[in-house]
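Dear colleague,

I am handing over the structure below, together with an account of what I found when going through it. Please read the text alongside the coordinates.

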Amino acid sequence: MTIRVMIAEDEAIIRLDLRETLEEEGYDVVGESGRGDQALELVRELKPDIAILDIKMPHMDGLEVARIITAERICGVLMLT
């Protein structure tokens with residue numbers, strides 16, 4: 001079973017590096033976003049197994065996104081600093 005991952009990181013180069021690293025390790029990156037509000041929408045839509053969230057993002061920070069994902073029991077959350 002492949003683990004499905006959503007990446008939310010506002011720095012494009014870091015997001016790209018994370019995607020490459022995760023895919024090399026066999027993870028399925030199902031979505032990416034550079035904004036917190038958009039990340040939340042994608043998580044709700046895509047239902048990944050885990051969401052990797054940067055703390056500081058525009059429009060909604062990662063901590064708020066994590067609170068909502070956890071409250072709605074959508075998936076696991078990994079915070080990135």
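Leucine 40 is part of helix H2, and in this model, which is predicted, leucine 40 counts as buried, since its relative accessibility is 5% and the cut-off for a buried residue is under 20%. Leaving aside residues up to four places away in sequence, the contacts of leucine 40 are with Met60, Val65, Ile68 and Ile69. Between leucine 40 and leucine 22 there are 20 Å in space, taken from C-alpha to C-alpha, for a separation of 18 residues in sequence. Helix H2 itself, which spans residues 36-46, lies across E1, E2 and E3 and runs at about 150° to E2.

The sheet on which this helix lies is an open one, formed by 4 strands in the order E2-E1-E3-E4 with parallel pairing. At its edges are strand E2 (28-33) and strand E4 (76-80), each of which pairs on one side only. On average, and with direction ignored, neighbouring strands of the sheet are turned by 20° against each other.

As for the individual pairings, E1 and E3 run parallel and are joined by 4 bridges, and within that pairing alanine 8 has leucine 53 in E3 as its bridge partner. Strand E3, which covers residues 50-54, also pairs with E4 in the parallel sense, here over 5 bridges. In this second pairing, isoleucine 50 stands opposite glycine 76 in E4, while isoleucine 52 stands opposite leucine 78, likewise in E4. How enclosed is E3 by the rest of the structure? It is largely enclosed, because 4 of the 5 residues of E3 are buried. When you inspect the strands, it may help to keep in mind that in a regular strand the side chains alternate between the two faces of the sheet.

Helix H1, residues 12-24, also packs on the sheet, where it touches strand E1 (4-8), E2, E3 and E4, and its direction makes about 170° with that of E2. One of the residues in helix H1 is isoleucine 14, which is partly exposed because its relative accessible area, 37%, is neither under 20% nor over 50%. Together with Ile13 and Leu16, Ile14 forms a nonpolar patch on the surface, and the accessible area of the three residues together is about 260 Å².

The charged side chains deserve a separate paragraph. In general, side chains of opposite charge can pair when their charged atoms come close. The structure holds 6 salt bridges, and three of them are described here, starting with those that involve arginine 19. Which residue of helix H1 forms a salt bridge with glutamate 23? The partner is arginine 19, with the closest N and O atoms 2.5 Å apart, and the two residues, both in helix H1, are 4 residues apart, about one turn of the helix. Glutamate 23 counts as partly exposed at 39% relative accessibility, and arginine 19 is also partly exposed, with a relative accessible area of 22%.

The side chain of arginine 19 meets that of glutamate 32 in a salt bridge as well, at 2.1 Å from N to O. Because arginine 19 lies in helix H1 and glutamate 32 in strand E2, this pair ties together parts that are 13 residues apart in sequence. Glutamate 32 is partly exposed, its relative accessible area being 29%.

A further salt bridge is formed by glutamate 64 and arginine 67, whose closest N and O atoms are 3.0 Å apart. Both residues belong to helix H3 (residues 62-71), and since they are 3 residues apart there, about one helical turn separates them. Glutamate 64 counts as partly exposed at 31% relative accessibility, whereas arginine 67, with a relative accessible area of 52%, is exposed. Turning back to helix H1 and strand E2, salt bridges that share partners join Arg15, Arg19, Glu23 and Glu32 into one network.

With kind regards

Technical notes
Residues numbered from 1 in each chain as written. Predicted model: local features only at pLDDT ≥ 70, side-chain atom pairs only at ≥ 80, totals over all residues. Heavy atoms only, no water. Pairing = 2+ DSSP bridges. Axes fitted to C-alpha atoms, helices over the stretch in contact; angles between N-to-C directions. Contact = heavy atoms within 4.5 Å. Patch = residues over 30% accessible without salt bridge, like charges linked within 9 Å, V, L, I, M, F, W, Y side chains within 5 Å. Areas by Shrake-Rupley, 256 points an atom, 1.4 Å probe, with all protein chains shown as cover. Buried < 20%, exposed > 50% of the residue type's maximum accessible area, 1.4 Å probe, protein only.
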